[in-house]
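Visitor: I would like to learn how to read a structure like this one. Please take me through some of its features in turn.

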Amino acid sequence: MPQLPAMTKLRRPALKLGLAFLLLFLTASLSGAQKQNKLSDITATGGFLMNPYLLPVAPIPPRTPVNHFQAFVIPLTAPQPPRTVTVPIFMFHHVGEAPAGADAIRRDLTVSAADLDGQLNYLQSAGWHPITQTQLSDALFMGRALPGRPVLITFDDGYLDNFTQALPVLVKYDFPATFYIITGKVGQPGYLNWEQIGVMAIDGMDIGSHTVNHEDLSIVSTADLEHELVDSAGALSAHLGHPVYWFCYPSGKFNARVLQAEKADGYLLATTEKWGDRQSSSAPLELSRYRIRNSTGLEGFKDILRSS
Ligand SMILES: [Zn+2]
């Protein structure tokens, strides 16, 4: 079993015990699944192993456009009025140092751990409160109160450095964040594996879907659109043991057809690359975000928040 980094600080001792059982369970059942799965099965599921022992209560038929959250009903008691809340949502990608020889795009996507630490430290000292996806969803759909100066921190693509570099900084400040996973990339070099994703969830992080293959959803076929939406959430739910309601569009690309499918598939919130901080219950699948770049630094970060 791979060693967990010593810096992963779990919040409660009981969780440590839970984590130990989870890892034992994951390892035992994954090795069982590997024995049962042929290579053709693995290819058919998009490159990752569906673990039969971790499926949720109601099995999810693959490639079927059903609402995979149908067993979980949002407790809405009456029609709700439209609501708008001001929540800056930050979009990060890589954290750490870009490899030598990295191109301009890779460097632009990379925020150093020191910059991330400085930005989170500023959030804490200036009285901003990072919230979870559930808090934002409850505020939009049920009018539940948010803490003062709420923000949402998100990371796209599920890179390995999200675990090794970003998670320790988030845990240091006791801040939740959302990690949007490309499920077809899980376990590939440079990307998170399922065990690391499980640890992040236990550490209080939200896990969302960023599709199976990071396709441009505005141009894929209807069958591929359903595959990207349903099978990514299905894989995450199967491994996490709970449904996944949070989504992020690859490269921020979507259209009316994508929104319709997403809603039918049961997603509640989705983030775009539209610049802004006004989030509305009438467009919960079109949340605005602020992209944080390598060049943003602390001053750029403060400027974004000053404009909020
Ligand atoms: Zn992406």
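Guide: What follows goes from the whole chain to one strand, then to some helices. Keep in mind that this is a predicted model.

Visitor: How many helices and strands does the chain have?

Guide: There are 10 helices and 12 strands. Of the 308 residues in the chain, 36% are buried. As for contacts with a separation of 6 or more, 68% of them are between residues 24 or more positions apart.

Visitor: Let us take one strand. Is E6 largely enclosed or exposed?

Guide: Strand E6 covers residues 150–156, and 7 of its 7 residues are buried, so the rest of the structure largely encloses it.

Visitor: Which residues of E6 lie on each side?

Guide: The general idea comes first. Side chains in a regular strand alternate between the two faces of the sheet. In E6, one side carries Pro150, Leu152, Thr154 and Asp156, and the other carries Val151, Ile153 and Phe155. These residues are all buried, and both faces are thus covered.

Visitor: Which strand pairs with E6 over 4 bridges?

Guide: That is E2, residues 89–92, and the pairing is parallel. To find the register, look at Ile89, which stands opposite Leu152 of E6.

Visitor: What joins E5 to E6?

Guide: Strand E5, residues 129–130, runs parallel to E6 and is joined to it by 2 bridges. Here Pro130 has Val151 of E6 as its bridge partner. Between these two strands comes helix H5, residues 133–142, and E5, H5 and E6 form a right-handed β-α-β unit.

Visitor: How many bridges join E6 to E7?

Guide: There are 3, and E7, residues 178–181, is again parallel to E6. Phe155 of E6 stands opposite Phe179 in E7. From E6 the chain passes through helix H6, residues 161–173, to reach E7, in a β-α-β crossover that is right-handed.

Visitor: Now the helices. How is the packing of two helices described?

Guide: Two values are used for a packed pair: the angle between the axes and the distance between them. Take helix H4, residues 113–125, against H6: the angle is about 20° and the axes are 10 Å apart. With angles under 35 degrees counted as roughly parallel, H4 is roughly parallel to H6. The crossing of H4 past H6 is right-handed.

Visitor: Which residues of H4 and H6 meet?

Guide: H4 contributes Ala113, Leu116, Asp117, Leu120 and Gln124, while H6 contributes Gln165, Ala166, Val169 and Tyr173.

Visitor: At what angle do H8 and H9 cross?

Guide: They cross at roughly 45°, and the axes of H8 and H9 (residues 256–264) come within 10 Å. H8 and H9 are therefore oblique to each other. H8 passes H9 in a crossing that is right-handed. On the H8 side the contact involves Leu225, Glu226 and Leu229, and on the H9 side Val258, Ala261 and Glu262.

Visitor: One last residue. Is Ala233 buried or exposed?

Guide: Ala233 belongs to H8, which spans residues 222–240. Within 10 Å there are 26 other C-beta atoms, and the cut-off for a buried residue is 20 or more, so Ala233 is buried. Next, find Val244, 11 residues from Ala233 along the chain. The C-alpha atoms of Ala233 and Val244 are separated by 5.9 Å.

How values were computed. Residues are numbered from 1 along each chain as its sequence is written. This is a predicted model: local features need pLDDT of at least 70, side-chain atom pairs count only at pLDDT 80 or more; totals for chains, interfaces and linings use all residues. A residue is buried if 20 or more other C-beta atoms lie within 10 Å of its own, exposed if 12 or fewer, and partly exposed in between; C-beta atoms are placed from the backbone. Two strands pair if DSSP finds at least two bridges between them. A crossover is right-handed if, with the strands pointing away from the viewer, the path from the first strand over the helix to the second runs clockwise. Axes are lines fitted to C-alpha atoms, for helices over the stretch in contact, and angles run from 0 to 180 degrees between N-to-C directions. Angles under 35 degrees count as roughly parallel, over 145 as roughly antiparallel, 65 to 115 as roughly perpendicular and the rest as oblique. A crossing is left-handed if the near helix is turned anticlockwise from the far one by less than a right angle, and right-handed if clockwise. Two residues are in contact if their C-beta atoms, placed from the backbone, lie within 7 Å.
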